[in-house]
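Thanks for coming, everyone. I'd like to walk you through one chain today. Please have a look at it first.

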Amino acid sequence: MINAGFRFDAQYQDRGGLDGGATYTRLNYKGGIAALDQAAEFLSGRINFMPDALPGSLTLRLDGHQINNNDTTNESDDVQVVAPQLSFLNHRKTFYLDLGYAFSSYAKSRIGNGALIVQQWTPTLGLGFNHQADWLQLRLYDAHASNVGRALRGHTDALEIKLTHYFSARSAWLPRSVTIGALVGDRMYAVDPDTQIVYNLADEQSGGAFLAAQWQLSRRFDLTLSGGSDRYQAQDTVRGGQYGYTGTYGYLGLTADW
C-alpha cells in the first residue's frame, strides 16, 4: 500500500476553526486483482461555545468527505459523507462527552447489488485521571446499512477503547505520550471522527489492537510512530460465503506547526 497526502488546521482564537486535507492511496492486491487507486478529500468546520450555565465548553462540528477510486464494481467509489458532532469538555479537562452522527452515501453497484446508505452513531466518553497524566476514551460505533444484500450485515456494533499516558519528564528519547487501543465487536463502513478517515471498503473489521507513541522534536515539530493489527471478514465473490484475514500496519508521521 502507498499513501500520501496533506492536511491543514486553522484556528481562530478559541471561537472555532477550519481544517481539511486530501490523500491518495494505492492498494496492491495479490492473485491478479487490479490495484485500487483512490483519492479522498475532507473539510471540517467547528464552532466553540462557553455557556455560563455549563462547567465547560461545547463544540459543534461538521465534517464532509468525498471519495473516488477506480473500483470497477463501483461499490467503494463515489462516496459522500456528512458527519455532524456535538461535544462537551469540562474546564478541568477531565471529562469529555460527545455524540456524533455520520450519513454515508455509496454509489449504485455495477454488479447488481444496488445503492447503499450507511447511518452511524458514535457516542463517546473521555475521562482524565492520575493528575491528568492519563486519558481513557470509550467510543461506540453503531452502524446501520440500508442494503443487506450489499453489506455483509445490516447492523454492526463495536466498542473502541483508547488509553493514553502523558510523560511529564522531558527527554530526547522519551515520548511525550503513548497510546494503546483495542476494538471489540464488529465495525463496517466506519467513519472515524478522530482520524477523519472513512473506511469505504466492504470488509468487516472484527477486532484489533494498536500501539502509538508521539515525540516532540521541537516547539514546531512532532513525530508519531504507530502500528497495529486488525481482523477482518470479507465476502468470497468466487466461491461464495465469507473468509477471514488479518491486516498488519505501521505508520511514521512528521507534523509541523507554525
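Asp142 counts as buried, at 16% relative accessibility. Buried means under 20% relative accessible area, exposed means over 50%, and partly exposed is in between, with a 1.4 Å probe and protein chains only. Asp142 lies in strand S8. Strands here are DSSP runs of E with at least two residues, helices are runs of H or I with at least four, and both are numbered from the N terminus.

Before I go on, a word on the source. This is a predicted model, so local features need pLDDT of at least 70 and side-chain atom pairs count only at pLDDT 80 or more, while totals for chains, interfaces and linings use all residues. Residues are numbered from 1 along each chain as its sequence is written, and side-chain values use heavy atoms, with hydrogens and water left out.

Back to Asp142. What does Asp142 touch, not counting residues up to four places away in sequence? The list is Gln119, Gln120, Trp121, His155, Thr156 and Asp157. Contact means heavy atoms within 4.5 Å. Take Asp157 from that list. Asp142 and Asp157 are 15 residues apart in sequence, yet C-alpha to C-alpha they are 4.7 Å apart in space.

Next, Thr122. Thr122 sits in strand S7. Thr122 counts as buried too, at 3% relative accessibility. Skip the residues up to four places away in sequence, and Thr122 touches Asp98, Leu99, Gly100, Tyr101, Arg139, Leu140, Tyr141 and Pro193.

Now the largest nonpolar core. A nonpolar core is a set of buried Ala, Val, Leu, Ile, Met, Phe, Trp, Tyr and Cys residues joined through side-chain atoms within 4.5 Å. This one has 17 residues. Which of them touch the most other members? They are Val81, Tyr106, Leu116, Val118, Tyr189 and Val198. Four strands each supply at least two residues of this core: S5 (79-90), S6 (95-106), S7 (116-129) and S8 (134-145). S5 gives the largest share, three residues. As background, nonpolar side chains tend to be buried together in soluble globular proteins.

Look at Leu116 in that core. Leave aside its neighbours within four places in sequence. Leu116 is then in contact with Ser104, Ser105, Tyr106, Ala145, Ser146, Asn147, Arg150 and Tyr189.

That brings us to Tyr189. Where is Tyr189? Tyr189 is in the loop between strand S10 (177-185) and strand S11 (191-192). Tyr189 is buried, with a relative accessible area of 3%. Its backbone stands out in one respect: Tyr189 is not a glycine, but has a positive phi of about 50°. Most residues other than glycine have a negative phi.

Asp78 also has a positive phi, about 55°, and is not a glycine. Asp78 sits in the loop between strand S4 (56-69) and S5. Buried or exposed? Asp78 is partly exposed, with a relative accessible area of 33%.

Ser76 is found in the loop between S4 and S5. Ser76 is buried, at 4% relative accessible area. Leaving aside neighbours within four places in sequence, Ser76 is in contact with Gln38, Ile67, Asn69, Asp71, Arg150, Asn200 and Leu201. Ser76 and Tyr106 are 30 residues apart along the chain, and their C-alpha atoms are separated by 6.9 Å.

Now another loop. Lys93 lies between S5 and S6. Lys93 counts as exposed, at 55% relative accessibility. The C-alpha atoms of Lys93 and Gly56 are separated by 8.4 Å, with their places 37 residues apart along the chain.

One more strand residue. Ala213 is in strand S13, residues 204-216. Ala213 counts as buried at 13% relative accessibility. Among its contacts beyond four places in sequence are Pro175, Ser177 and Thr224.

Finally, the whole chain. How many helices and strands? Zero helices and 15 strands. Buried residues make up 39% of the 258 residues. The C-alpha trace spans about 55 × 45 × 30 Å along its principal axes. Of the contacts with a separation of 6 or more, 48% join residues 24 or more positions apart.

That's the tour. Over to you.
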